[in-house]
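Trainee: I keep hearing labels thrown around when people walk through a model. Could we take one and check what the labels rest on?

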Amino acid sequence: AEMSVATLQLLKQYPRGVLSLHASLTKDFLYIKRYLKKHSDKEILNLPTMTDKKQEYVMAFLASNAYQSFYCGNLVGFMVGTLRMLRISIKYGLCDISTFAVTGYCLFCLNVNDMEGAARFAELARKILTRFKAKHLESLQIFVVAYWMTSWKSNEEVLKLYDRAYKSGMESGDFENGLLSRTASIYHELNAGYYLGNVDV
């Protein structure tokens, strides 16, 4: 994460210092919130495809930093990366990593108990993923839906999603999220009272 931040700061895409970090976070959050309120999913999906290679590299570094920040409990770093990816996607067009950005915003909605917003952005992320055939991001997107949005629904439904996420990760080379989904599936079966003797690991 530190290497990603240092690289982004050299590219002038990540704030330096605590005050500028929080100021940037607030500014980006208000901008994104207004934009998403004013624009429909159809309008967002009709944004052009990103052609600026520099911005694609920036998106990749932001995604890496946001992903690491989330699992390390650094929610400020996660939100800075997510919101900055969304702003770049709006300004320069969508790319495969825009799927990650919208999925990240879905997680934010879940953290503030905005279930309607979470459902909207989970579906929007799925549609962007389909547009770019971003198989390498499919496992993560399905896992988020399964773990944070479906786990309290029917066991069969959530287990099917975990299985899809696992298989997608293994097929695309995203072993981390594939195995994360498999682990979550086993824990779900355990907590639901399933017999684990037949679990294929």
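Trainee: Why is Y147 called partly exposed?

Mentor: The model is predicted, so keep in mind that we're reading computed values. Y147 has 41% relative accessibility, and partly exposed runs between 20% and 50%, so Y147 falls in that middle class.

Trainee: And what makes F143 count as buried?

Mentor: F143 comes out at 4% relative accessibility. The cut-off for buried is under 20%, so F143 qualifies.

Trainee: Where do F143 and Y147 lie?

Mentor: Both are in helix α8, residues 135-150. They're four residues apart, which is about one turn of the helix.

Trainee: What about C95, how do you know whether it's buried or exposed?

Mentor: C95 has a relative accessible area of 6%. Set that against the under 20% limit and C95 is buried.

Trainee: Why does C95 have no bond to C106?

Mentor: The sulfur of C106 is the closest cysteine sulfur to that of C95, yet it's 18 Å off. A disulfide needs the sulfurs within 2.5 Å, so that's too far for a bond. The whole structure holds zero disulfides.

Trainee: Why is C72 called exposed?

Mentor: Exposed starts over 50%, and C72 is at 66% relative accessibility, so it counts.

Trainee: Back to C106, what does it touch?

Mentor: Leaving out residues up to four places away in sequence, C106 touches A118, F121, A122, V144 and M149. C106 is also one of the residues with the most contacts inside the largest nonpolar core, along with M85, F100, Y105 and F121. That core has 59 residues, and helix α6, residues 98-111, gives the most to it, with nine residues.

Trainee: Now the rings. How many aromatic pairs are there?

Mentor: The count comes to 13. Take F70 and Y71: their ring centres are 5.3 Å apart and their planes are at 90°. Centres within 6.5 Å make a pair, and planes over 60 degrees apart make it edge-to-face, so that's what F70 and Y71 are.

Trainee: What makes F143 and Y147 a stacked pair, then?

Mentor: Their rings are 5.4 Å centre to centre, with 20° between the planes. The distance is within 6.5 Å and the angle is under 30 degrees, so the pair is stacked.

Trainee: Are F70 and Y71 buried or partly exposed?

Mentor: One of each. F70, at 17% relative accessibility, is under the 20% limit, so it's buried. Y71 has a relative accessible area of 40%, so it's partly exposed.

Trainee: Which residues form an aromatic cluster?

Mentor: Y67, F70, Y71, F78, F100, F143, Y147, W148 and Y162 form one cluster.

Trainee: How do you know that the charged end of R182 sits over the ring of Y166?

Mentor: It's 5.8 Å from the ring centre, and the limit is 6 Å, with an angle condition on top. R87 lies over the face of Y31 too, at 4.0 Å from the ring centre.

Trainee: Which residues of α9 are buried?

Mentor: V158, L159, L161, Y162, A165, S168 and G169. What covers them includes α8 and α10. Helix α9 covers residues 155-172, and its 18 residues reach 26 Å from the first C-alpha to the last, close to the 26 Å expected. Just after α9, G173 takes a positive phi of about 95°.

Trainee: What makes A184 and H188 buried?

Mentor: Both lie in helix α10. A184 is at 10% relative accessibility and H188 at 12%. Each value is under 20%, so each counts as buried.

Trainee: Which residues do A184 and H188 touch?

Mentor: Beyond residues up to four places away in sequence, A184 touches F143, Y147 and Y162. With its own neighbours within four places set aside, H188 is in contact with S151, N155, V158, L159 and Y162.

Trainee: Last one: why is S4 called buried?

Mentor: S4, in helix α1, has a relative accessible area of 8%. That's under 20%, so S4 is buried. Its contacts, not counting residues up to four places away in sequence, are F61, S64, N65 and Q68.

Definitions and conventions. Residues numbered from 1 in each chain as written. Predicted model: local features only at pLDDT ≥ 70, side-chain atom pairs only at ≥ 80, totals over all residues. Heavy atoms only, no water. Core = buried A, V, L, I, M, F, W, Y, C linked by side-chain atoms within 4.5 Å. Buried < 20%, exposed > 50% of the residue type's maximum accessible area, 1.4 Å probe, protein only. Helix = DSSP H or I, 4+ residues; strand = E, 2+ residues; numbered from the N terminus. Contact = heavy atoms within 4.5 Å. Phe/Tyr/Trp six-rings, centres within 6.5 Å; stacked < 30°, edge-to-face > 60°. Lys NZ or Arg CZ within 6 Å of the ring centre and 35° of its normal. Expected span 1.5 Å × (residues − 1).
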